[in-house]
Amino acid sequence: MDTGFYTGLIDRYRSILPLAKDCKVISLCEGNTPLVRCRNLEWANRKGIKLYLKFEGLNPTGSFKDRGMTVAVTQAVSEGSRAIICASTGNTSASAAAYAARAGIKAFVLIPDGNIAMGKLAQAMMHGAIILQIRGNFDDGMRLVKEVANEAPVNIVNSINPYRLQGQKTASYEIVEALGDAPDFHCIPVGNAGNISAHWTGYCELAATSNSNVTHACGFCDGDCSFITSPKTTLRPKMLGYQATGAAPFIKGAMIDEPETVATAIRIGHPQSWDFAQATIKESDGWFYSFPDDQILVTQKLLAENEGIFCEPASATAVAGALHDIEQGNIPDNSTVVCTLTGHGLKDPDIAIKQSNAMLVTIDAQLDSVKRTILDNL
Ligand code: AN7
């Protein structure tokens with residue numbers, strides 16, 4: 001029944017998701033996030049570039065992970081699962097914990113000790129996850145999760161779970177609906193490389209409806225996307241994947257063992273969706289590129305100060321990439337560009353406060369002092 005208000009992405013995109021008709025939907029009304037046009041990054045505007053930010057930080061737990069988690073947890077519950085497990089740099093654990101709470105099942109999360117943002121840890125704790133801080137990094141956690149899932153009754157909800165990517169592909173549908181077509185370029189941060197692959201799946205499904213030359217096998221629907229009636233597009237964007245310099249296996253062309261970056265969300269050296277992401281870049285005629293931590297943080301602040309949008313450092317990597325490639329002319333004038341802002345800035349308040357040079361003064365609680373501060377700073 002169409003009640004007229006939004007009830008989450010499974011209800012919205014049921015026809016393109018591989019879920020049983022009678023399954024109990026576990027949802028927190030995720031998806032339907034805003035696509036915000038940049039207004040103040042003027043030099044981009046001058047080149048006639050339309051730069052949009054898909055603000056995935058406005059999902060219920062503050063990151064894009066919720067798109068995948070609603071589908072993965074719904075499927076896990078419909079299979080009778082009583083527990084889910086993931087390795088995480090933070091956001092997956094927050095999302096898994098919340099959806100497990102909603103479903104009334106247990107969440108076990110493996111996080112790298114001392115290397116996750118405070119907001120994310122707070123979320124996992126509040127939602128009642130069982131938190132295993134490992135003396136190791138995300139890649140160690142991922143290996144352990146895969147091993148233990150063979151020996152204990154738990155469903156993995158990392159993006160190696162295909163239901164995760166099916167949920168995350170819906171972001172591409174929302175973008176095409178909002179723009180009326182696919183963008184020319186889609187800029188996205190890359191860690192474990194699930195999200196770039198999921199977006200490409202979505203774009204390919206959409207293009208396959210109206211272009212018989214597109215034969216991409218899109219996961220569960222095996223390339224037969226004829227059931228997708230709207231929106232339609234013939235265009236597929238070039239996919240541009242950006243990493244942090246200290247955690248850039250795709251730039252190196254090989255896995256790395258000791259990834260390091262201030263953008264802890266993407267501190268990953270052994271991406272699980274390696275082949276899929278490589279195929280995405282090749283098929284879409286896109287590219288990978290990486291940026292050092294200081295440039296990532298400058299871009300995070302640039303967005304916060306000039307557009308009023310506060311994303312976490314990993315997300316700013318996508319915008320650093322877009323701005324770099326616009327400036328270099330790799331993205332030509334008059335292009336339509338979408339950047340995915342994968343997570344909310346509130347996830348990592350420590351980094352924000354540490355790098356900010358905001359004016360923060362302590363004054364007496366007196367009218368005079370307030371007035372003087374205003375007049376001195378107008
Ligand atoms: C904000 O939470 O891997 O390339 O364990 O949290 O699909 O891995 C997070 C990844 C980008 C990279 N931006 O996406 C985890 C985790 C943010 C993220 C990524 C992540 P993928």
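**Close-up views of a predicted model**

**Figure 1. Helix H5 and its cover in the predicted model.** Helix H5 runs over residues 118-126, and its buried residues are Gly-119, Lys-120, Leu-121, Gln-123 and Ala-124. In an α-helix there are 3.6 residues a turn, so residues three or four places apart point the same way. The elements that cover the buried residues of H5 include two helices, H4 (91-103) and H14 (349-355), together with strands E4 (106-112) and E5 (130-134). Just after H5 comes Gly-128, where phi is positive at about 80 degrees.

**Figure 2. The whole protein, as a frame for the close-ups.** The protein contains 15 helices and 10 strands. Its radius of gyration is 21 Å, close to the 21 Å that the globule rule gives for 378 residues, so the protein is as compact as a globular protein of that length. Along the principal axes, the C-alpha atoms fill a box of roughly 65 × 50 × 50 Å. Of the 378 residues, 55% are buried. If contacts between residues at least 6 apart in sequence are taken, 70% of them join residues at least 24 apart. The accessible surface is about 16,500 Å², and carbon and sulfur atoms account for 51% of that area. The protein has 32 positive and 39 negative charges, and the mean positions of the two sets lie 3 Å apart.

**Figure 3. The largest nonpolar core.** This core has 48 residues, and Val-73, Ile-84 and Ile-196 have the most contacts inside it. At least two residues of the core come from each of helix H1 (9-13), helix H3 (65-78), strand E3 (83-87), H4, E4, helix H8 (170-179), helix H9 (194-208) and helix H11 (274-284). The biggest share comes from H4, which gives six residues.

**Figure 4. The surroundings of Ile-84, and a second core.** With neighbours within four places in sequence left aside, the contacts of Ile-84 include Val-73, Ala-76, Ala-96, Ala-100 and Ile-105. Also in contact with Ile-84 are Lys-106, Ala-107, Phe-108, Asn-155 and Val-157. A second core is separate from the largest one; it has 31 residues, among them Ile-49, Phe-185, Ala-265 and Leu-323.

**Figure 5. Asn-32, a loop residue with positive phi.** Asn-32 is found in the loop between H1 and strand E1 (35-37). Although Asn-32 is not a glycine, its phi is positive, at about 55 degrees. Is this residue buried, partly exposed or exposed? The relative accessibility of Asn-32 is 49%, so it counts as partly exposed; the cut-off for exposed is over 50%.

**Figure 6. Ala-193, a buried loop residue with positive phi.** The loop between strand E7 (185-189) and H9 holds Ala-193. Phi at Ala-193 is positive, about 75 degrees, and this residue is not a glycine either. Ala-193 has a relative accessible area of 4%, so it is buried; the cut-off for buried is under 20%.

**Figure 7. Gln-300 and the residues it touches.** Gln-300 belongs to helix H12, which spans residues 293-307. Its relative accessibility is 2%, so Gln-300 counts as buried. Which residues does Gln-300 touch, not counting those up to four places away in sequence? They are Phe-310, Cys-311, Glu-312, Pro-313, Ala-316, Ile-351 and Gln-355.

Key: Residues numbered from 1 in each chain as written. Predicted model: local features only at pLDDT ≥ 70, side-chain atom pairs only at ≥ 80, totals over all residues. Heavy atoms only, no water. Helix = DSSP H or I, 4+ residues; strand = E, 2+ residues; numbered from the N terminus. Rg over C-alpha atoms; globule rule 2.2 N^0.38 Å. Buried < 20%, exposed > 50% of the residue type's maximum accessible area, 1.4 Å probe, protein only. Contact = heavy atoms within 4.5 Å. Areas by Shrake-Rupley, 256 points an atom, 1.4 Å probe, with all protein chains shown as cover. Lys, Arg positive; Asp, Glu negative; His and termini not counted. Charge placed at Lys NZ, Arg CZ, Asp CG, Glu CD. Core = buried A, V, L, I, M, F, W, Y, C linked by side-chain atoms within 4.5 Å.
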